[in-house]
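This report describes a predicted model. Its sections take up, in turn, selected residues, the sheets, one helix and the contact between the chains.

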2 protein chains.
Amino acid sequence: MTTTSNSKPRLYSFWRSSAAFRVRIALNLKGIPCDITPVHITKSGGAQFDLDYSEKNPTHLVPLFEDGKVSIHQSLAIIEYLEETHPNPRLLPTSPEDRAWVRSLAMDIACDIHPINNLRVLRYLVKNVGSTNETKDTWYQHWIKLGLNSLEKQLSTDSRVRRFAYGDQPGLVEACLVPQLFNALSSGMDLTPYPSLVKILHECLKLPAFMDASWEKQIDAEGLNPSIPPQK
Amino acid sequence: MTTTSNSKPRLYSFWRSSAAFRVRIALNLKGIPCDITPVHITKSGGAQFDLDYSEKNPTHLVPLFEDGKVSIHQSLAIIEYLEETHPNPRLLPTSPEDRAWVRSLAMDIACDIHPINNLRVLRYLVKNVGSTNETKDTWYQHWIKLGLNSLEKQLSTDSRVRRFAYGDQPGLVEACLVPQLFNALSSGMDLTPYPSLVKILHECLKLPAFMDASWEKQIDAEGLNPSIPPQK
């Protein structure tokens, strides 16, 4: 790491934040020791709006990663930074076309599923649009289903998929996929239509890098991981 | 370019799609000739759902970029691919920390503003949530304002900002920022609270790479660019 001091990097995290979960997985896969500071984004008022945190991260979102004087607040930008400063093990392939494929899959989740279902969006939907809780829950699953349909199609047909999305080592895709599937399961979604994704989920959860990053293992955890459906 | 044939790459684009606009800017900045195939995403039924296009791009979104056998459907993944295969001029800095900063700013737009305001989300809001058009318009501007507030804060205080977000050459940030500001202006938003962003917008629009990628210059254009407010 290009730390400007000998101190460990620090991740501002929330146990159930899927963007923070992505970074925790990446840190674990690379074996980078990191201090965690919880940011309680669901408490009344939201710790992400506290003055200290707002000064560090004007987006008022988690995660935030600090490495010496370097401060990065977008999960995929953090993971790309970890990849560049700590290249082994690699979380992205080496060829531009395969890197593009992996990044596209990751962004299908990080751009086109998760942001539409973020806490602030769900809250706005109820408070400002007047959505019922039922309509909000339907909204939540609608965007996940659309995204998972496309991911299943891509991951069930591409020859690069083996044990994981790209070959036999987990990387950027899995760091995004596992948190997204946790969210889906927690909302009660049936993952039967997504056997390729469930297969990868099972492979990931065999690894301490994923389990140690999971909800129930966090110092600020207030609940357990969702039940994982058996592989068919 | 690592094309597998001598043919030019092809971009599936829509004149008003801000994700396609980003890629058009990047191609122009790098001087990469590219064929454009319009995908009329706002027509009845939506050309993004046509069988041919769905086979190529199961996300049913634009853009899609084809370079020989390589096919990429996320705008930022396409731009990273262009950066890796055609490195000059650079659209990202060289140091990991500066690359992370640039990527974070780009993702503030590409993950946390635009997807929440995408055509499909706005349609779902009206059709499935029962939102009025007025509530939908308020929604649209709400997420843009939140995002631009944070971008203005970052770009008004960081010493890396000069003529552009990172130094004196435009890059990934501008490729995302200009399309987002076009959307904001088109919705009638007042950009007075964002002088740093408007300054960069003016610098960009002096350049043919940006103007040639803009709405009214596209072969499928059905309207003009928004009026650009004077710089104060």
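## A buried residue in helix 4 of chain B

B:Ile109 has its place in helix 4 of chain B, and in this predicted model the residue counts as buried, because 25 C-beta neighbours lie inside 10 Å, where the cut-off for burial is 20 or more. When its neighbours within four places in sequence are left aside, B:Ile109 is in contact with B:His114, B:Gly147, B:Cys176, B:Leu177 and B:Gln180. A further relation in space links B:Ile109 to B:Leu151, since the two are 42 residues apart in sequence while their C-alpha atoms are 8.7 Å apart.

## An exposed residue in a loop of chain B

B:Phe49 belongs to the loop of chain B between strand 2 (35-38) and helix 2 (51-56). Is B:Phe49 buried or exposed? With 10 other C-beta atoms within 10 Å, B:Phe49 is exposed, the cut-off for that class being 12 or fewer. Not counting residues up to four places away in sequence, B:Phe49 touches B:Ser54 and B:His60, and the C-alpha atoms of B:Phe49 and B:Leu61, which are 12 residues apart in sequence, are separated by 8.8 Å.

## The sheet of chain A

Chain A holds an open sheet of four strands, arranged in the order 2-1-3-4 with mixed pairing. Strand 2 (35-38) and strand 4 (70-72) of chain A stand at its edges, where each has a single partner strand, so one side of each is left without a neighbour in the sheet. From one strand to the next, the twist averages 15 degrees.

Strand 3 (residues 64-67) of chain A runs antiparallel to strand 4 of chain A, and three bridges join the two; within this part of the chain, A:Asp67 has A:Val70 of strand 4 as its bridge partner. Helix 1 (residues 18-30) of chain A packs on the sheet, where it touches strand 1 (10-13) and strand 3 of chain A, and the direction of helix 1 makes about 150 degrees with that of strand 1 of chain A.

## The sheet of chain B

In chain B, an open sheet of four strands again has the order 2-1-3-4, with mixed pairing. The edges are formed by strand 2 and strand 4 of chain B, and because each has a single partner strand, one side of each is left without a neighbour in the sheet. Here, too, the twist averages 15 degrees from one strand to the next.

Strand 1 (residues 10-13) and strand 2 of chain B run parallel and are joined by four bridges, with B:Pro38 in strand 2 of chain B serving as the bridge partner of B:Ser13.

## Helix 3 of chain A and the nonpolar core

Why is helix 3 (residues 75-85) of chain A described as largely enclosed by the rest of the structure? Nine of its 11 residues are buried, so the helix is largely enclosed in that sense; the buried residues of helix 3 of chain A include A:Leu76, A:Ile78, A:Ile79, A:Tyr81 and A:Leu82, and also A:Glu80 and A:Glu83. Within chain A, these buried residues of helix 3 pack against helix 1, strand 3, strand 4, helix 4 (96-110) and helix 7 (172-186), and they also pack against helix 4 of chain B.

The largest nonpolar core has 134 residues, and those with the most contacts inside it are A:Ala106, A:Leu197, B:Ala106 and B:Leu197. If residues up to four places away in sequence are not counted, A:Leu197 touches A:Leu148, A:Leu151, A:Glu152, A:Leu155, A:Leu177, A:Leu181 and A:Leu191.

## Symmetry and the contact between the chains

Chain B is superposed on chain A by a rotation of 180 degrees with 0.0 Å of shift along its axis, at an RMSD of 0.0 Å. The two copies are thus related as by a two-fold rotation axis. Among the residues of chain B, B:Cys111 comes closest to the rotation axis, with its C-alpha atom at 2.2 Å.

The contact takes 34 residues from each of the chains, B and A. On the side of chain B that touches chain A, at least two residues each are supplied by strand 4 (70-72), helix 3 (75-85), helix 4 (96-110) and helix 6 (133-155) of chain B, and the largest share, nine residues, comes from helix 4 of chain B. By residue type, that side of chain B divides into 16 nonpolar, 10 polar and eight charged residues. Because 100% of the interface residues of chain B are also interface residues in chain A, the copies meet through the same surface.

Key: Residues numbered from 1 in each chain as written. Chains lettered and ligands numbered in written order. Predicted model: local features only at pLDDT ≥ 70, side-chain atom pairs only at ≥ 80, totals over all residues. Least-squares fit on C-alpha atoms with pLDDT ≥ 70 in both. Contact = placed C-beta atoms within 7 Å. Nonpolar A, V, L, I, M, F, W, Y, C, P; charged D, E, K, R; others polar. Core = buried A, V, L, I, M, F, W, Y, C linked by C-beta atoms within 7 Å. Pairing = 2+ DSSP bridges. Axes fitted to C-alpha atoms, helices over the stretch in contact; angles between N-to-C directions.
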